[in-house]
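Here is a friendly walk through one chain, going from single residues to wider features. Have the viewer open as you read.

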Amino acid sequence: MKLFHQLLVAPAALGLLAPVAANATELNINGVSDYAATSALSSREQVTSITQFSDVYPTDWAYQALSNLIERYGCVAGYPNGTYRGNRAMTRFEAAALLNACLDRVTEVTDELKRLMKEFEKELAILKGRVDGLEARVGELEATQFSTTTKLKGQATFVIGANSYGGSSASGELPGNQNADLAAAQSGATTFNYDMRLFLDTSFTGKDLLRTMLRAGNFNTSAFGGNSSFSGLSTLETAFEEGAPNNVVVNRLWYQFPIGSNFTATIGGRVRQDDMLAVWPSAYPSDTVLDFFTYAGAPQTYNLQLGAGAGLSWESNDFSISANYVSGNGGNSTPGVANTNALLRNSDDCGGIATDCAASSGTVQIAYAPENWGLAAAYNYASGNNGAGIYAGNGTPSAVFFSGLGTTNSFGLSAWWTPENAGWFPSISTGWGYNSIEITNANFPIPGSSGIGSFNGAISQSWYVGLQWADAFMKGNTLGMAVGQPTFVTSWDNNSNINGGSDFVADGNYAWEWWYMFQVTDNISVTPAIFYLSRPLGFETTALNELDPDGTFNNFGGLVKTTFRF
């Protein structure tokens with residue numbers, strides 16, 4: 001019997017025992033006889049529903065209480081004529097009869113409870129010990145935790161690997177200076193690098209998120225961090241170093257919160273473009289290798305600009321729209337452009353929010369993403385002439401050069417599909433990017449002459465296809481491969497004799513990667529990977545080299561990547 005029921009019955013019992021002056025006329029002997037008869041009848045034909053009483057209605061103030069007594073304890077009976085007579089005064093005898101019937105039921109429940117407690121005595125003792133142990137552990141955690149609102153997560157990555165180079169192309173106009181030899185001299189050694197990320201996720205309401213990300217690494221002098229002009233496209237997604245090797249820096253600091261039921265707002269002093277998108281338009285990859293393959297095929301559109309910014313996203317029935325703005329130089333108070341010549345501008349000299357020197361990146365994305373597939377289209381405006389746009393890890397040297405000369409309007413289309421169950425069919429992700437670069441005042445000396453040339457604009461493109469097999473060969477492991485072309489220039493508008501004055505540019509390059517992730521434990525994975533770049537220098541493979549106009553240059557790399565998550 002529950003405690004509050006006992007508390008309800010106890011006063012009634014005490015009331016029966018209390019001396020109360022009563023006249024003989026107050027004792028309705030006939031009523032007692034009727035109730036006794038009713039009690040005897042109820043033992044044979046027990047009332048099981050309040051609807052059996054013809055004079056009790058849902059509007060009566062005690063209707064619910066009477067219903068509970070009947071349905072839970074079955075200790076309420078009426079008169080033989082099917083009435084309850086709830087408005088008639090109850091005699092002490094009638095109260096005693098009602099209380100006795102209820103106490104009999106309580107005794108039955110108590111006896112049964114005692115029997116069950118004795119039968120499961122050992123199990124109850126074990127459970128009590130476990131509860132006591134959990135309470136002790138919870139108390140210890142509460143005493144030692146540094147915050148009641150913040151969770152700490154971390155990821156540490158080790159990369160051991162090397163690059164090799166081949167091909168016949170030479171560097172410059174002197175024979176014997178082969179690009180493969182120069183690249184090997186600069187970036188051919190085996191290296192051991194690391195990347196460490198700590199995430200401090202704080203929520204004040206349960207629906208918002210304040211993220212602080214601390215990061216450190218030592219990739220700046222590694223070929224996997226793009227340390228030379230020959231190895232830009234071999235940059236890994238996990239490669240990081242800022243300031244100096246082993247420096248711990250604040251890599252992210254932003255706050256995200258809902259507005260109503262469909263909108264989400266994000267604002268931060270150090271926020272990245274993809275932090276503010278409702279959908280990341282790719283299912284590839286589960287484990288990253290080359291950085292280029294992590295941009296959904298459109299590195300200029302999804303340029304992952306990092307800086308001061310804000311964004312708003314809307315989601316409803318698998319549809320989403322996202323809009324955001326990031327200023328890479330948002331912490332600099334100097335608003336002007338330091339040098340009017342695009343080739344000599346230095347983004348460190350100026351900045352601000354939405355100024356001519358802000359390193360601005362503005363993005364709008366529309367996506368439709370049901371459970372296991374999706375489509376996305378995005379537009380981006382980037383002021384590459386002061387720091388926004390692609391870098392050596394996701395484009396050929398020519399593409400990166402032109403991206404930094406002016407402003408770029410870029411478009412990205414992406415699609416992905418994931419099978420509902422793991423099997424022989426892989427997930428498929430694909431994407432394409434198109435970039436139109438507008439260049440102003442990019443003057444330079446024309447090689448081999450005393451003239452001055454200039455570029456007015458350029459077009460570049462990129463694409464990729466990524467395949468990924470979940471539970472490949474063993475549950476929990478993943479196999480992946482991707483092929484594509486990192487951002488390459490397809491044409492330019494120039495008034496010089498470079499490339500024979502032609503606007504067509506042979507800047508193409510193919511990239512492949514293959515990897516297999518062993519999920520050693522829930523928190524440790526080991527991923528061996530190889531990759532191949534068919535022409536990472538693009539147009540510059542043979543540019544300005546009359547001695548070897550058909551030369552080749554390629555890059556092959558291999559690595560083992562170990563990731564620890566905690």
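Setting aside neighbours up to four places off in sequence, Ser313 is in contact (heavy atoms within 4.5 Å) with Asn262, Phe263, Thr264, Met276, Ala278, Ile321 and Ser322. Ser313 sits in strand E6, residues 306-316; helices (H or I, at least four residues) and strands (E, at least two) are DSSP runs, numbered from the N terminus. Ser313 is buried, because its relative accessible area is 7%, and buried means under 20%, exposed over 50% and partly exposed in between, with a 1.4 Å probe and protein chains only. Between the C-alpha atoms of Ser313 and Val279 the distance is 9.5 Å, with their places 34 residues apart in sequence.

Please keep in mind that this is a predicted model, in which local features need pLDDT of at least 70, side-chain atom pairs count only at pLDDT 80 or more, and totals for chains, interfaces and linings use all residues. Residues are numbered from 1 along each chain as its sequence is written, and side-chain values use heavy atoms, with hydrogens and water left out.

Met213 belongs to strand E3, residues 209-217, and is buried at a relative accessible area of 3%. Its contacts beyond four places in sequence are Arg197, Leu198, Phe199, Val249, Val250, Asn251 and Arg252. Of these, Leu198 is 15 residues away in sequence and 5.6 Å away in space, C-alpha to C-alpha.

**The chain as a whole**

The chain has 566 residues, 42% of which count as buried, and its secondary structure includes 7 helices and 16 strands. Of the contacts between residues at least 6 apart in sequence, 66% join residues at least 24 apart. The accessible surface is about 29,100 Å², with 59% belonging to carbon and sulfur atoms; such areas come from the Shrake-Rupley method with a 1.4 Å probe, and for residues only the protein chains shown count as cover.

**Core and helix H3**

Which residues have the most contacts inside the largest nonpolar core? They are Phe224, Leu236, Phe293 and Leu559, in a core of 20 residues. Strands E14 (511-519) and E15 (524-533) each supply at least two residues of this core. A nonpolar core here is a set of buried Ala, Val, Leu, Ile, Met, Phe, Trp, Tyr and Cys residues joined through side-chain atoms within 4.5 Å. Beyond four places in sequence, Phe293 touches residues including Tyr284, Tyr464, Ala511 and Trp512.

In helix H3 (residues 63-73), the buried residues are Tyr63, Leu66, Ser67, Ile70 and Tyr73. Gly74 follows H3 and has a positive phi, near 60 degrees.

**Salt bridges**

A salt bridge is a side-chain nitrogen of Lys or Arg within 4 Å of a carboxyl oxygen of Asp or Glu. By this rule there are 11 salt bridges, including these three:

| Pair | N to O distance |
|---|---|
| Asp132 and Lys128 | 3.2 Å |
| Asp274 and Arg272 | 2.7 Å |
| Lys561 and Asp287 | 3.0 Å |

The pair of Lys561 and Asp287 links distant parts of the chain, 274 residues apart: Lys561 is in strand E16 (residues 554-565), while Asp287 is in the loop between strand E5 (263-272) and E6. Both Lys561 and Asp287 are buried. Asp132 and Lys128 are 4 residues apart in helix H5, so about one helical turn separates them. Asp132 is partly exposed at 38% relative accessibility, whereas Lys128 is exposed at 55%. Asp195, Arg197, Arg215 and Glu237 are joined in a network of salt bridges.

**Disulfide**

A search of the whole structure finds 1 disulfide, defined as a pair of cysteine sulfur atoms within 2.5 Å. Cys350 and Cys357 form it, with their sulfur atoms 1.5 Å apart. Their link is right-handed, with 50 degrees about the S-S bond. Cys350 is buried at 1% relative accessibility, and Cys357 is buried at 2%.

**A nonpolar patch**

On the surface, Leu113, Leu116, Met117, Phe120, Leu124 and Leu127 make a nonpolar patch of about 530 Å². Patches are made of residues with over 30% relative accessible area and no salt bridge, like charges being joined within 9 Å and nonpolar side chains (Val, Leu, Ile, Met, Phe, Trp, Tyr) within 5 Å. Helices H4 (92-119) and H5 (121-144) each supply at least two of the patch residues, and the largest share, 3 residues, comes from H4. Phe120 is in the loop between H4 and H5 and is partly exposed, with a relative accessible area of 39%.
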